[in-house]
Amino acid sequence: MPPTSDNPSPSANKLFRSHERSFEENRFVYPVLSRRSGGISIGVNLNPDKVCNFDCIYCQVNRVSRSETQFVETDRLIDELGHALDLVTSGQLFEDGKFAATPPALRRLNDIAFSGDGEPTTYRNFDELVQTCAQVKQRLAPPEVKMVLITNASMFHRPAVERGLAILDANQGEIWAKLEAGTDEYYHRVERTTIPFQRILDNITAAARVRPLVIQALFMRIEGQPPPPEELEAFCRRLNDITAAGGALSLIQLYTVARPPAESFVTPLADSELDALAELVRARTGLSTATFGSRQ
Ligand code: SF4
């Protein structure tokens with residue numbers, strides 16, 4: 001069978017699993033082949049210092065090696081973004097190097113994604129940065145290219161972040177907000193943060209009342225144990241709380257660890273466990289789900 005997007009070659013599979021935040025000499029912008037995006041996603045790293053306000057037990061950011069880059073240099077970031085957009089839209093990206101293994105169906109630019117080595121919305125001038133990136137996108141990318149914010153939702157209440165979300169809305173924006181617990185206790189066990197769970201729930205609810213949100217939820221084994229059934233039921237209740245309060249959730253992405261996590265006691269769920277979880281979420285909430293297993 002020839003390699004396709006559903007049946008990729010071993011080198012394409014390696015590419016899917018490689019979400020290295022380095023590309024050429026770039027400091028802030030890195031293209032990745034993303035199965036979740038169904039194409040190339042150009043990552044924008046607003047946390048080069050690798051500082052995050054969560055300390056998730058499954059975090060896949062390598063904090064052992066210290067970054068040489070501590071601050072965002074806006075001019076350089078914008079140059080790197082323009083160059084990356086040119087490389088993808090011209091097809092040059094796929095001519096050699098690791099992206100030559102990209103299956104033909106995935107040689108498309110799906111999005112610019114604000115993610116990286118920490119929580120992007122903690123960046124002080126988040127709204128200004130998003131606006132500038134939107135202008136670069138308008139100049140250099142097809143109009144349907146999305147702008148995706150991958151976030152833990154902890155800062156949505158800040159005015160600069162609210163303004164940034166509105167700018168995303170006007171530029172094919174999608175917000176992928178992390179919610180992966182149903183109870184306060186499990187939330188603190190997984191995210192290890194001083195930020196209250198209720199703030200995350202309130203922020204997601206408020207943002208989802210303005211535009212539909214995608215929820216991204218990572219579930220895993222902790223010390224060999226899958227999430228307790230009562231936790232998963234509580235997770236479904238939190239989703240229902242959001243929609244009952246008028247929030248719109250367009251998709252619940254359920255995934256598991258695919259790269260080495262921060263803590264060795266964290267291991268992935270099996271695909272069958274993720275599928276069962278998706279079935280539970282659909283049955284309890286009526287929401288759409290998508291699953292991404294450990295080999296994706
Ligand atoms: S929010 Fe993201 S970057 Fe921050 S610790 Fe959790 S997984 Fe890592």
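What volume does the second largest pocket have? I get about 200 Å³ for the second largest pocket. I keep in mind that this is a predicted model.

**Pocket lining.** I pulled up the 13 residues that line this second largest pocket, and the closest to its centre are Leu 46, Asn 47, Asp 49, Gln 70 and Tyr 123. Sorted by class, I have seven nonpolar, four polar and two charged residues in that lining.

**Ligand shell.** Next I looked up what surrounds the ligand. I noted Cys 52, Phe 54, Asp 55, Cys 56, Tyr 58, Cys 59, Arg 63, Gly 118, Asn 152 and Lys 178. The class split around the ligand is five nonpolar, two polar and three charged.

**Cysteines.** Cys 52, Cys 56 and Cys 59 are among the residues around the ligand, so I checked two of them for exposure. Cys 56 is buried, because its relative accessible area of 7% falls under the 20% cut-off. Cys 52, at 27% relative accessibility, counts as partly exposed. I also checked for disulfides and the count is zero.

**Cavity.** I found one cavity of 30 Å³ or more. The largest cavity holds about 40 Å³ of space. Its lining includes Phe 54, Asn 152 and Lys 178, and I had already listed Phe 54, Asn 152 and Lys 178 around the ligand. The rest of the cavity lining is Leu 179, Glu 180, Ala 181, Tyr 187, Glu 191, Phe 197 and Ile 200. Helix H5 (184-191) and helix H6 (197-208) each give at least two residues to the lining of this cavity. By class I count six nonpolar, one polar and three charged residues there.

Definitions and conventions
Residues numbered from 1 in each chain as written. Predicted model: local features only at pLDDT ≥ 70, side-chain atom pairs only at ≥ 80, totals over all residues. Heavy atoms only, no water. Near = heavy atom within 4 Å. Nonpolar A, V, L, I, M, F, W, Y, C, P; charged D, E, K, R; others polar. 1 Å grid on protein atoms, 1.4 Å probe; cavity = no way out; pocket = protein on both sides within 12 Å on 5 of 7 lines; lining within 4 Å. Points joined across faces, edges and corners; volume = space filled by probe spheres on them. Disulfide = S-S within 2.5 Å. Buried < 20%, exposed > 50% of the residue type's maximum accessible area, 1.4 Å probe, protein only. Helix = DSSP H or I, 4+ residues; strand = E, 2+ residues; numbered from the N terminus.
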